[in-house]
Amino acid sequence: MPAPQPVEATKVSSLPPAGRRAEPFLRGRRRETGDRVFKAAMLLCGLAVLATLVLIVYELTLRSGPSWHAFGFKFFAGHDWDPVNEHFGALPFVYGTLVSSFLALLIAVPLSIGVAVFTTEMCPKALRGPLSFFVELLAAIPSVVYGLWAIFVLVPILSNYVEPFLARTLGWSGFFDGPPYGISMLAAGIILAIMIIPIISSITREVLMVVPQHQREAALALGATRWEMIRVGVLRNARAGIMGGIILGLGRALGETMAVTMVIGNRPEIAKSLFAPGYTMASVLANEFSEATGDVYLSALIEIGLALFLVTIVVNALARLLVWTVTRGQPSRANA
Amino acid sequence: MPETIKSSALHTVAPIALRRRITDHVMTGVAVLTVILVLAPLFAIFAYLVYRGVGSINWAFLTQTPKPVGEAGGGMANAIVGSGFILALASILGVPVGVGAGIYLAEYGRNRFGDVIRFTADVLNGVPSIVIGIVAYAIVVLTQKHFSALAGGVALAIMMIPTITRTTEEMLLLVPQALREAAYGLGIPRWRTTLSITLRTATSGVITGIMLAFARVAGETAPLLFTAFGNQFWNLRVNEPTAALPLQIFNYAISPYDEWHRQAWAGALVLIILIVTAVSAVRFAVRRGTFGAA
């Protein structure tokens, strides 16, 4: 807060009528200083936001240098993660991150769209508020609590019921193969799905709500049933925004750490079966960063962090752009 | 003549309409099913939390520090207080910057440069928390040469800023332009108008944003792993490693001891109660506040 505040305050509230002629000039100059100081201070805060991002990029790039020099692009193609011999390849982590995130999307997308459609188009008005409140409550649960629940509830259910069932029915595909321990890529995908549903469904809901009402009315007037109206009049119009929500959910899933670390098994291997344990980029950071000894080991981990950062930036920027074009770019679709 | 046309039309239309109506009902059913499938884990998590947590919360849990492995009893008092301490540090660092940046965007940032900062804040919001942890480690821990509460506070502050910035901006923009003009008309300088008129009017909304950011980082574990690090004992010094509730839950959850599992559930229940109370209080306040409807 700028220093001249008290002086200005008294000046403003107790304007002496006699000094009116001299005042404006003085006040004008002081006001200018006050305004300038205030604007500068606020600008500084704004710059701090910018600086934070720059600092993140700088620190990550600088400190991942040794690993980059040692391994180059091969870092992301190598299978070995061998801290003892200082040989590092990040492919198993990249694989684990991608597979667990896409598995999460596979489960979460239909569910989230269903919930969003139900809350905006189908359910009674009175139910709308509570329903979206409950779904948003899912977003308020901390990652570590999801992990705790997953370890003691989800994983036993998976290993006792779901995984044996999947092995019996779909075991031939090779994706559901091997011993059903519960701790697996599948568990990570499911817990991630539960965590990203609130994001995707709340954005989808927002996007559905900005679809112009006359689109719905037009579809109904043509004799469409409610579902046809939703499909043709609503969902088709909101495609770009829904895609944005999905990509935003993907961004969250890629960077999610704790819950995944607790159930994925943390083994740097690439397996076709979803029953096998895996490892993600975020989990390896969580598990090994504070114990990493040696510059190359630490910088290899930071390079994983840098990769994770760049991927989530691209994914988030893409998502923001898509959502913005739908919710803010009204003029372009005003005549649609 | 007209009657025959009508009846034949009815005959050809009716079977299709039936199929369409069935599809309509099926899709409604599917939508209801998705809602049930989404809400089921929510209720399962809360039910199990209460079931496992309530039995484990007792006076010792809330007032004692952790006991060594094998000894019954002990609690997470130091972690609860430690979390509060780290969150206080994060708020002291993050709230002024976040609100300031929000004011800048709303009052001076209607231009290209403002768009850059706006976009930066959105991008920053999506950076994985574990990456923020690495950066806080690089900036604070490596310079101090040891883990500290301050490093944890810095990490959480970085996570709070973008949320606070964007909600503050949105709330300030809801304040009618006429109010600002009235203040200028009275000869009040611009900075004072912003602070005493605009910000004052939007207070409830701005506080909502701060509380949401607070609730979001209160349960964060990943950025604290190698910043605040955790501690088995009391610590209220800025430069020492500090226990935090989410960290303690994590360490106990992945341990092989039943007693620690029990305490992890109790800790999770305490954490959830704190967060849900904050979020519901905010929703309640917003609904009653002036700008809730806007």
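**Close-ups of a predicted two-chain model**

**View 1. How much of chain B is tucked away.** Of the 294 residues in chain B, 49% are buried. This is a predicted model, and the predictor scores the complex with an ipTM of 0.87 and a pTM of 0.86. As for secondary structure, chain B has 11 helices and 0 strands, so if you walk along the sequence you just read α-α-α-α-α-α-α-α-α-α-α.

**View 2. The overall spread of chain B.** Measure it up along the principal axes and the C-alpha trace of chain B spans about 95 × 65 × 35 Å. Its radius of gyration comes out at 26 Å, while a compact globule of 294 residues would sit near 19 Å. Long-range pairs still feature heavily in the contact list: take the contacts in chain B between residues at least 6 apart in sequence, and 73% of them join residues at least 24 apart.

**View 3. The two ends of chain B, where confidence drops.** Mean pLDDT for chain B is 87, with 91% of its residues at 70 or more. Residues 1-10 of chain B are another story, with pLDDT below 50 and 0 contacts in the model beyond near neighbours in sequence. Residues 290-294 of chain B also stay under 50 in pLDDT, but here the model has 9 contacts beyond four places in sequence.

**View 4. Where chain A meets chain B.** Here 70 residues of chain A are in contact with 72 residues of chain B. On the chain A side, helix 2 (residues 23-63) gives the most, with 20 residues. Sort that side of chain A by class and you get 47 nonpolar, 14 polar and 9 charged residues.

**View 5. The two domains of chain A.** The domain assignment splits chain A into domain 1 (5-63) and domain 2 (72-334). Between them, 4 residues of domain 1 of chain A are in contact with 5 residues of domain 2 of chain A. The domain 1 side of that meeting place has 2 nonpolar residues, 1 polar and 1 charged.

**View 6. Inside the largest nonpolar core.** This core has 189 residues, and Ala150(A), Ala187(A), Ile191(A) and Val263(A) touch the most other members. Helix 7 (residues 185-209) of chain A gives the most to the core, with 17 residues.

**View 7. Zooming in on Ala187(A).** Which residues is Ala187(A) in contact with, leaving aside its neighbours within four places in sequence? They are Ala150(A), Leu154(A), Val155(A), Leu158(A), Gly182(A) and Val263(A). Two of these partners, Ala150(A) and Val263(A), are also among the core residues that touch the most other members.

Conventions: Residues numbered from 1 in each chain as written. Chains lettered and ligands numbered in written order. Predicted model: local features only at pLDDT ≥ 70, side-chain atom pairs only at ≥ 80, totals over all residues. Contact = placed C-beta atoms within 7 Å. Helix = DSSP H or I, 4+ residues; strand = E, 2+ residues; numbered from the N terminus. Nonpolar A, V, L, I, M, F, W, Y, C, P; charged D, E, K, R; others polar. Rg over C-alpha atoms; globule rule 2.2 N^0.38 Å. Buried ≥ 20, exposed ≤ 12 C-beta atoms within 10 Å, placed from the backbone. Domains from an automatic or database assignment. Core = buried A, V, L, I, M, F, W, Y, C linked by C-beta atoms within 7 Å. pLDDT = per-residue confidence, 0-100.
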